[in-house]
Amino acid sequence: MSTISDLRQASTFDIDIHTLLPADSPRFALDQAHVRALAESETEFPPILVHRATLRVIDGMHRVRAAKLRNRDTIGARWFEGDEQAAFLLAVESNTRHGLPLSSDERKQAALRILRTHPHWSDRSIAERTGWSATGVGALRRDIADPDARPEARVGRDGRIRPSTTAEGRRVAAEVIRRNPDASLREIARRAGISVGTARDVRHRLAEGRPAVPDGRRADVPPADPAAAPPVADEDRTGRGGAPDLARRITLFDGLRNDPSLRLSESGRLVLQRLHAQLRTTEEWKRLAPTIPLHGRSAVADILSACADDLKGMARELRCVEDALTATDPTASGDERRPHPGPA
């Protein structure tokens, strides 16, 4: 299928606006205020994208309407030669990468449609194209009655075919790690038939004394994303099994911020500054993720994953120090050493 970058190299021509058909687009409706703003601007519009077989607009309906308000009969365009399914995929990709952002419902419906036409694509592949979360795509997939929507193997973002369940692969990876603790993540992933990220998770779980296949997860239907795992009780949210949710993280941070031993020392203030920046960064990434170009998302994901591994390693070191203190002074509980939230 042609990519947006390929199409940008295609020749541009003028097409009669009145011959064009409405777009098969993920958008539910056009934004009339945006149309008027375009029409009143003095800028020349970039070429629209037209499906040659049907003359439907793939990308550029706002520009077409604006050109009509300018009393134009023609508009610059480029052809797309693929089939209708490919045209819709390109319309989704175009609308998630530039112009007015798609609404949450529009991204969700686009993901649902792609799930029905391309069930062999992984949840993350569909999420990448639609701007919908991989967790959300996985939930949509489970809600579809058609069993074909849940194939035994799926095509990932890198084009590789992987089984839709990682349970058996996790078990194989665990055995590889036990036999060869120094094996690289790529070697473990290759021998177990899983992703490097899954191999990394297996290694971390084994290092922490946890099973390779997460508890409480159906072995044959794992969540597409760690966030899709069954929710834990509130008292477990800050335990060793997972990170606290956002509200709990903020509460913990407020408690640290009111701790004089941190607030009144230079190093302590630096710790608070870094923690505050980390809290903001996580939310910013959630907002920025859908805007990252498709060709760069894998690299960004690898960098973020590596950074997350570093932070988890630091968290484990802090907990080891805490365990050592507890062993030295059994009467000092973890709660006694942690600062409690101050007054609001």
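**Ring contacts and a four-stranded sheet**

Arg-129 is placed over the face of Trp-121, 4.0 Å from the centre of the ring. This arrangement, like everything described below, belongs to a predicted model. A second arginine is found in a comparable setting: Arg-113 lies over the face of Phe-88, with a distance of 3.7 Å from the ring centre.

The sheet provides the frame for the remaining description. Four strands form an open sheet in the order S1-S4-S2-S3, and their pairing is mixed. The edges are occupied by strand S1 (13–16) and strand S3 (56–59); each has a single partner strand, so one side of each is left without a neighbour in the sheet. On average, and with direction ignored, neighbouring strands of this sheet are turned by 55 degrees against each other.

In general, the strands of a sheet pair through backbone hydrogen bonds, in either a parallel or an antiparallel manner. The pairings can be followed across the sheet from S1. Strands S1 and S4 run antiparallel and are joined by four bridges; here Asp-16 stands opposite Thr-74 in S4. Strands S2 and S4 are likewise joined by four bridges, but they run parallel. Within S4, Arg-78 is the bridge partner of Leu-49. Strand S2 (residues 48–51) is joined to S3 by three bridges, and these two strands run antiparallel. Val-50 stands opposite Val-57 in S3.

Two helices pack on this sheet. Helix H3 (residues 61–69) touches S2, S3 and strand S4 (74–80), and its direction makes about 120 degrees with that of S3. Helix H4 (residues 84–97) also touches S2, S3 and S4, while its direction makes about 40 degrees with that of S3.

The aromatic residues of the sheet remain to be considered. The structure holds one aromatic pair. Its members are Phe-13 and Trp-79, whose ring centres are 4.8 Å apart; because their planes stand at 35 degrees, the pair is tilted, given that stacked rings require planes under 30 degrees apart and edge-to-face rings over 60. Phe-13 lies in strand S1 and Trp-79 in strand S4, so the pair ties together parts that are 66 residues apart in sequence. These strands are also the ones joined by four antiparallel bridges.

How buried or exposed are the two residues of the pair? Phe-13 has a relative accessible area of 22% and is therefore partly exposed. Trp-79, at 23% relative accessibility, counts as partly exposed as well. Burial would require a value under 20%.

Methods: Residues numbered from 1 in each chain as written. Predicted model: local features only at pLDDT ≥ 70, side-chain atom pairs only at ≥ 80, totals over all residues. Heavy atoms only, no water. Pairing = 2+ DSSP bridges. Axes fitted to C-alpha atoms, helices over the stretch in contact; angles between N-to-C directions. Contact = heavy atoms within 4.5 Å. Phe/Tyr/Trp six-rings, centres within 6.5 Å; stacked < 30°, edge-to-face > 60°. Buried < 20%, exposed > 50% of the residue type's maximum accessible area, 1.4 Å probe, protein only. Lys NZ or Arg CZ within 6 Å of the ring centre and 35° of its normal.
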